[in-house]
Structure formats: C-alpha cells, structure tokens
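Hello,

Here is the structure I said I would pass on. My notes follow below it.

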Amino acid sequence: MSAHTHRVAGHRLPRRDGVGKVTGKHVYAADFKLSGMLYGRVLRSTRAHALIKKIDTSRAAAIAGVRGIITSADIPQIRYGTAVRDTTVFATDRALFIGHAIAAVAATSLEIAERALAAIEVEYEDLPPLFDPEEALKSDIRIHPDWETYKALPIISRNRNIAGQARIRVGDAEAAFAKAHKVYEHRFSTALQHPGYTEPRVATADWDANGIVTVWCNTQLPFDTQTTLAEILDLPAARVRVTVPGIGGGFGGKLRIGVEHFAALLARKTARPVKVMSTSEEELTAALPRQASIVLLKTAVDKEGHLLARSGRIIVDCGAYAGSGPGTAAIALQVMAGPYKTGALAFESVAVYTNKVHSGSFRAPAGPMANFAMECQIDMIAKDLGLDPLEMRLRNVVKEGDPGPSGEIHRSVSIEECLRKAADAIGWHDRNPEPGRGKGIACSWWMTTGGSSGVYVKINPDGSATLVSGAVEIGTGAITGAAQILAEELSLDLTDVNVTGVDTQAAPFDYGAQGSRTTFSVGNACLAAAAELRRQMFELAAEQLEAPIEDMKLQDKHVVAGNKSISIAELARISRLAGGGLIAHGTAISPAPAYDPTRVQNHPLPVWNTPSYHAHAVDLSVDQATGKVTINRYVVAQDVGYAINPTYIEGQIEGGVAQGIGQALSEEIVYQDGRVMNANLTDYKMPTAMDVPEIESIIVECRSAAGPYGAKGVGEPPCIEPPAAIGNAIAAATGCWPNSLPMTAEKIAAAMQVQHS
Amino acid sequence: MSFDLHRPATVTEAVDLAQRFAPTARYVAGGTDTVIQINRKKIDPAHLIDVACLPGMSEITETADAFALGALTKYRSIETHPAFRGNLRVLLEAASVVGGHQVRNIATIGGNIVNASPAADFVPPLLALDASLDITGPKGRRSVALRDFIVGPGRTNLSPVEIVTSIRFTKLPARSATAFLKEGRRRAMEISVVCVAACLTLEASTSRCACVRLAIGAASPKAFRPEQAEGYLIGKPAGNESFAEAGRLAAEASSPISDVRASAGYRRGLVAVMVERALTTCLQRIREQNQ
Ligand SMILES: Cc1cc2nc3c(=O)[nH]c(=O)nc-3n(C[C@H](O)[C@H](O)[C@H](O)COP(=O)(O)OP(=O)(O)OC[C@H]3O[C@@H](n4cnc5c(N)ncnc54)[C@H](O)[C@@H]3O)c2cc1C
C-alpha cells in the first residue's frame, strides 16, 4: 500500500496540535481575555412573530457598570447573508422568532450585563406566526414582506416565503412512472439538530488606535467572517482582522457569523475590548442548527428492482432567515439521486421561511436527511419485491464512467467495494440472528467541496518549515494532514513542520474549514509550495554543489545530486544571507467537473467535485416492549481516495457516526408554538459514550485525480448514512420503519403497536 | 447570581446559620441540583450553607437488622459497597445509573431526596425498602417515613432550616430480592422517563409472594407505591401471569404527564412493562440465591 512508498504521508503520526489540547495548554477562543475587557450579552425576542413598537433602554443604561447598549437604531442598516441577503444584526421593526436578537449590552461583569437585559423594555404587537413549513408554502402571511428588495445570488430562485428553489431533471420521469412495474411513494421527516460542538460561539473584539478592529473568535471561516464583519461595520475589509486562537469544534455550526458582530459593535460603542459568548440556551434557540426537513419520494422500478425513475421534493425549514437553507436544500437533490443509475429524475428542493431559529450547514448539509429518505425507501422496495436489500443496491449502483445526476462522469468509483466490505463485516448473510435483532445497510456519495487555498511556506535556518495557512485546524487533524504532505514533499519529518494560527491579516486566503476540503485543498496548496521550494533550493544548490539541477532530488533533509549533497538547513542559511530566505506561496483550486447545465436549475452547487463513496452497516436489537434500540455493532466502509493519516480518518468516521446516531435516535430541538421546549443540555440529547458502540472503520482507497496523492474528502460523509442504516436495521428487527427522525423508542414502540393491531 | 457561602463545622452550627439567614438561605451538599437551579434562575439564594463536610453524615452503617446511610453518602460509595451486591442490589443498580461518573462522585443521596424531583432515581429504591429519614432541626431530632416526607414535585415536609442526617431501612428477610430499572433516551446523563424499584419476598416454602413493595418514579407528581398492585400479588404464585397483572395495575395507578421527554401514554406503557420485568428479575435472583 501507499504508506510503504511514503515516509510521512499515509502514516499514523500524532497530530501537531495534540499535546497542547490534551494537556490543557491550548488556548481556545473561550479562554481568550484582554485587560479592561467588558462582557457582552444579547437580549432576545420572547415573541415568535411581532412588530417591535418600542425599545426602551433607559432603565438598563442607568445601571452602574453598564457601559454600552446597542439596538438596530444604533448601527448601519445592512442586510447580509450567503445566498440571500436577508439577515440583520438585530431585529429591525419585527421580531421573527423567539430568540431573535433585539439589543446587546456591554457591562463590567456578566451579571450586570444580564441585569441590564432584564431592565430593557420591549413593546411588541403580535403578528400571526408560521411554524409549519408546508403551511408557510400556502399561507398569505409573509415572514419577509420586503423579500423582493433583498439582494440574492443570481442563481437563487425565490418566491414569497420560499428562500430558494432548485431542480434536477433527467429524462422523462412521468413516462417512466406510467409504464413501470411498480411505483412507491413515501414521506419522511427529519428534525432540527444542533451541531453539538463543545465550545460555544465566542468572540472578543478590540479596536486599535488606527481604527482597525481585531476579533479573536472561533469561526470556521475567518475570511468569510472578515468580509461579513466589514459589511456590517461598513468598513473596508482591511480594517477588520479576524484571528482564531483555537476552536472547540464547529461541525458547520460556526461557518457564518455568530457573535463576532455583537462583540465588534459593542467594542466600537464602548471603546473597550468586549467579549461575547453564547449560553447553552442561546446555542439551542439562536445558533445555526441542521434544518428540519420533509422529504417526499416517489420511485418506479422494474420486476428486477432496477430504478427506472425517481421524483421527489425536499422541503427544508430555514427558519427566519435563509442562512444556508437554499444551498442545503439543493444539495439534497444529488443525495437523493444517490450513487445509483436511474433512468429518469425529477427532483425539486424548496427552502422555506418559518418563525423559528435560522439554520446553518451542519456537517454534510442535507446529506443525512435526503439519504434517510432515499435509502430507507430502497429497503422498503426491496422488501416488497422480495429482494435482498444489498442485492437491490448492487443492481443499481453506478460504475466507472457512468453519468451522475448533473451529467458529470463518475470516476474512481468504489461504491460496490464499499457495500460488499461493509456487508461482509457485519455478517450480512444472517440478517435476523434472533427475534428483535436486525441488520441494516445504507450507502451514499458525497462531494469534496472545492474553493481555493493558499499557503506560505518558509524554510527556517534549522531546516524546519513553517506553514502559514488561512485554514483553521478545527479539531479533525486536517492541518496535520496537510503538514504531512508538506513534510513528505520536502523530505522532512512531520515534527519539522510548524503550523501557525490563523490571522486574516497575515495568512493567505483559504476558503475555510468546511466541506470535507481542508486536507484536500490545503494539501494541494502544500504540494505547490513544496514544488516551488524545491525549485528555489535546487537553484541555490546548483551553485553550491556545482551540479546540474536535473540530477537533483530531496532526500533525508538534503539536496542530493549524485554523490554530492547539501542540507536544507544550510541552504536556508545561505539564502538568508544572500537571497532573503526560502519562502514560497502555494495555491490550489479544483475546477468543477464538466456537467450538463440543462439538467440542473437554480442550484448553487450544480455539480460535485471529486465525490467519495461509502456504505454503513449496523447490527442492532430493539426491545419489543419498550422500543429501545441497542446498537450491537457498527461498520463503516469509506472510500477516502488515499489515507493521509488513517488515525484521523478513523476519528472522523467515529465522530460522524456518533453524531449520526444522535440524529437517528435521540437528538431534536423540540418546538411547540414557536418556543424551544428543550433549550438545555439536560433535554437536548446528544449521545454519550455509553450510547455509541465501538465503530469499525474499513478504509477504502480508490484514488482520485484531483486530491493530494489521490485523496478525497473525508470529514462530512460519516454522518450521512447512520439514520438510514439504523432505520433499515430497525425495520429488519421489527418489520416497520419509523419514517421520522429521531427514531425514539416511543416512536418505534408506537410503530410496532400499529403493526400488531 | 451571587451568594455568600458558609462552611459550618457541625450540624448545630449549620442549623443556626440557616435560622439566621432564613428565608434566603439554602443548604447545599453536592450542589448538582442546586447549582443548575441557580444557573437557570429557578432559585436565587443569598446564602448557601455547605453541608458537604459535616462530620458523621457520609457513613454507611450496618447493624444486625438494619442499615443507616448518611445523608451525604455519594452514589459512588453505594456502587462500590459490598453490602449492596446481594438482596439490596436495588440500591447499587439505582446508584450506578445516576448521571455520569463525575456526578456520582460528588452528588449525595440526601440531596436527591430533598430535591424531591418526581424523576429522582434514588427515591424509588428507598421507598421500596420502606426507608425513613432522620432529621435534625432547631427543636431537635425527628424521624419520618420517606413516603410521608415527599409531598409533591419539589416539595417535602422538611422545614427550610432542618437537615436530613441519615436514611434508615431494615434488612430483608430470607427469600427476598430487589431490582431497579430505568428507561430514558440515553444510557447515561439521563433523567428517567420512568424508573421502577421492586422488592419481592416469597413465602418460606412456596413460590407465592409473601411481601411485595413496588415504587415508581417519573410517572406521577411524586414517586409512588402502587398499593393495589402490591396487594394483588400477596399470596399469588410469583410468575409471568401475576407479574403482568401487577404491571397492569401499577400502570393504572400511575398518573404520568406528557412532556418533551415522553408522552403520558408511553410512560404508562413503560410502567406496566418495567414493573413486570423488575419483579421477574427479583424472582430470578431469589432462585439464584437458593441454588
Ligand atoms: C449532569 C447531571 C446528571 C444528573 N443525573 C441524575 C440522574 O440520573 N438521576 C437523578 O436522580 N438525578 C440526577 N441528577 C440530579 C442530582 O445529581 C441528584 O438529585 C443528586 O442526588 C443531588 O444531590 P446533591 O448532593 O448534588 O444535591 P444539592 O444540589 O446539594 O442539593 C439538592 C437539594 O437538597 C437540599 N439538601 C441537600 N442535602 C441536604 C441535607 N442533608 N439536608 C437538607 N437538605 C439538603 C439542598 O438544599 C437542595 O435543595 C443529575 C444532575 C446533573 C447535574
């Protein structure tokens, strides 16, 4: 295998940020403090939909220790947002959900800030609310009455309460339905899920004498945060500096601005550093959770179980602002197509506004929602046709060179290998080892998000390298992976590569820690930087060694040409004296593959880059009386292209499955009449170590053309299949599918009861 | 959220402090209920009187026919105590499913009882053992049966200045066993959706039930003993049929609510299943003792 030919890449080396994190030395954004710092808190709406008639801050302002209060009236009237520019810092004339920011206070202590919040008087006039996305589609009530005046990406198609609508159409689905052997229609629903990072969203802001604001925060996207902050503050981007001391998890929940703007605005108002950190309650009522969704899916098959046509509609509940809803909903269309050949497709996505919390891009946005529907339905069809669900999948999966939903060509396809390996490992031949016990399987594909990366690499006089990247080490080991590639290319050890923190003022641009792209893209940029450094070193060595460049290679930290050699350290010292040092800028961008634009409409991500393939299999037992699920074994076979560090790939798989188990069985932000009923970590149920079995990872390596050494994106996929695999196993154990997430014991018990009566 | 913390050295000192600062004072032991209630602004005491270090209140004492558990006993001590591996296993089983390790290392059983949550896990086992509490207050000591002590959700007949010092119960006769079952969405860090404690004694030479004590948590405003179910079993042969009927009767006697954790209907169904299963486990354990 590859590890034999590489010295650093492909090996299970300890991550560069590991020791600091396990010893408590690593400084996270939440640890960050400045002298004279004030504490900021945010007043949030208690009404789901209401006109704000009056905000009276005078009583609050009179409290000793309160240094500044801001509301919408005190700040530039800017609307921002990724797909649709519909978002404001504070509610303007209307509160759109319970938890909507109304005002912010900075005070000398958190306690005083909280007292001030309680002293702010807000007069509301209630408006009729919309909580149900399907109702919002029909209703005459407008959550954004001025939606037509908002700017949006040109690709986004909007209408009334619809923040975005996309389509994929292939062939003639209607004709295929008309003459199919059988047609199946099902409805599925999924719940609002918090990303569950350990460190809440936090930011400390300070303005310097030159009018530059520095924000120390835990964003996944420092450059996006810089741009958005500049818009909100009405400043050129160069006057906003974003730096990430450390980040305690993100999972897509920290992509977009969270509390950074409150800190920066309060700091401007008070001329003091201000720190704002969300509480658990704010996390569960006003963060950026995974959207709830409804999926309607219709599938036509022939007698042998071949997929002839599929039509479907996903309704994604964005909440009060579009957030990443339009993109998330659109991505669901590719997930619903799955790694399958299907004669015809007619898919539509709808992202809808409601009076609830706005939502974000939680790890593999739309992946688990669409996959849950799509893969459970495959099992339902297989059962009806009397087919083995594995066999039904194998009859339909894509092969090398088959077209994907957008007309792109599937390359380095491994879906069959993943399915067979997962099935073998779980013992598929014996699907019902005992009553109440069953095995389930599910598979998917997923993109490696593109976006550009730049790195600077400097060779130090001791021969070590410093890697400056704008990508955040979010905890996955992604930057260690990139550093392994750099070390490999420069014949260094991993410990010779120093990685700096992210600072938008100093670091080259990076598209950010998102979309399974960090190691992939930063790794490619490292390849480019290493090539440039080799060029510089060989040129310098040519003078020193009096040898031709063509004969040179890097070996064991030396430039070697025949029997002559010179160390990298020596070259760095020479270059310092004579040439300003060895330094390189490496960049990477993966162009989108060719596709057929007539198939895809109003889709912000019309075609997937370097897709990966994977299959999950689970063996579980269901208590026949209580409905309680016990997972006995869980297997993942995932194609990573090339395993740059198998340990951290396993870490990603285990963590993703844990989140998937949460989504499948226990997690849900529960709304009732617009109010979150479980806005605390007692009743918002993320799985504990006791709920997650040992996860068996099978790493499949089918190399890609675009990734470093053939790598594909790794981070997001593991949380896609758990709901479907678990749903199918529950069905194998009980005979029934609870079509809604989370599949709580109560829902399973109810489904079994319906079946028995 | 600011308070003065007092560290009395004796029970008398603690009671004096409580009297001095009543009604804005609160005792705190492990603090695992109190601190959360303060954080969530459910309570706002100006004085916390830390009883965690009071002497003589953390011991587990065994006499010829009884046990006394100090009110400050931690779940960890119950989990690891050899005396609760036999027919008093209900205590070990309940203690080992409270919260997680960190909570069990600091939280006290006295706090669990006085907090009087309908879902408190350690209350049903003690109810099933017919436990009583020793209480010290300004007027001296008193003793009260646990079933009379808790009067409703979060409400007890303790005055704010009284301290619970220990919990007592008598040992079980031969041919007895106990069991505890808990259902929730997770396997740790979980508040019971329903929990059930059972204590079963068989007649000396038959397999008929001589004494049955059941206690059910999280299925009514306070943990309760389903007396009809208990009474029904007396003299009946222990086994699936009678246990299932006891479960049905217990479910009938429950009055659960629907909340974000579960519906009333599901809870009631759980009561029936769990009572039956807990009794079945007790029966199995009695049989194992006799082998
Ligand atoms: C993460 C977490 C998980 C939890 N999981 C569970 C669980 O699974 N099951 C469960 O039942 N509970 C659980 N709890 C709740 C709590 O841990 C228990 O109820 C615990 O037993 C309380 O004990 P304490 O010593 O911490 O109480 P404290 O918070 O110190 O006190 C609770 C109440 O009792 C009073 N009090 C305490 N001791 C005395 C005394 N000797 N005399 C008079 N009054 C007194 C206090 O004034 C206060 O009103 C959990 C709590 C947390 C934070």
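A:Arg363 touches A:Phe251, A:Gly252, A:Arg290, A:Gln652, A:Gly655, A:Gly656, A:Gln659, A:Gly715, A:Glu716, A:Pro718 and A:Cys719, leaving aside residues up to four places away in sequence; contact means heavy atoms within 4.5 Å. This is a predicted model, in which local features need pLDDT of at least 70 and side-chain atom pairs count only at pLDDT 80 or more, while totals for chains, interfaces and linings use all residues. Residues are numbered from 1 along each chain as its sequence is written, chains are lettered from A and ligands numbered from 1 in the order in which they are written, and side-chain values use heavy atoms, with hydrogens and water left out.

Two of the residues in that list also have polar links to A:Arg363. Its side chain has a polar atom 3.0 Å from the backbone oxygen of A:Gln652, and a polar contact of 2.9 Å joins it to the side chain of A:Gln659. (A polar contact is a pair of N or O atoms within 3.5 Å; within protein, one must be able to donate a hydrogen and the other to accept it, and residues adjacent in sequence count only if both atoms are side-chain atoms.)

How many disulfides does the structure hold? There are 0 over all chains, a disulfide being a pair of cysteine sulfur atoms within 2.5 Å. The closest cysteine sulfur to that of A:Cys376 is in A:Cys736, 12 Å away, which is too far for a bond. A:Cys719 is in no disulfide either, as the nearest cysteine sulfur, that of A:Cys376, is 16 Å away.

Regards
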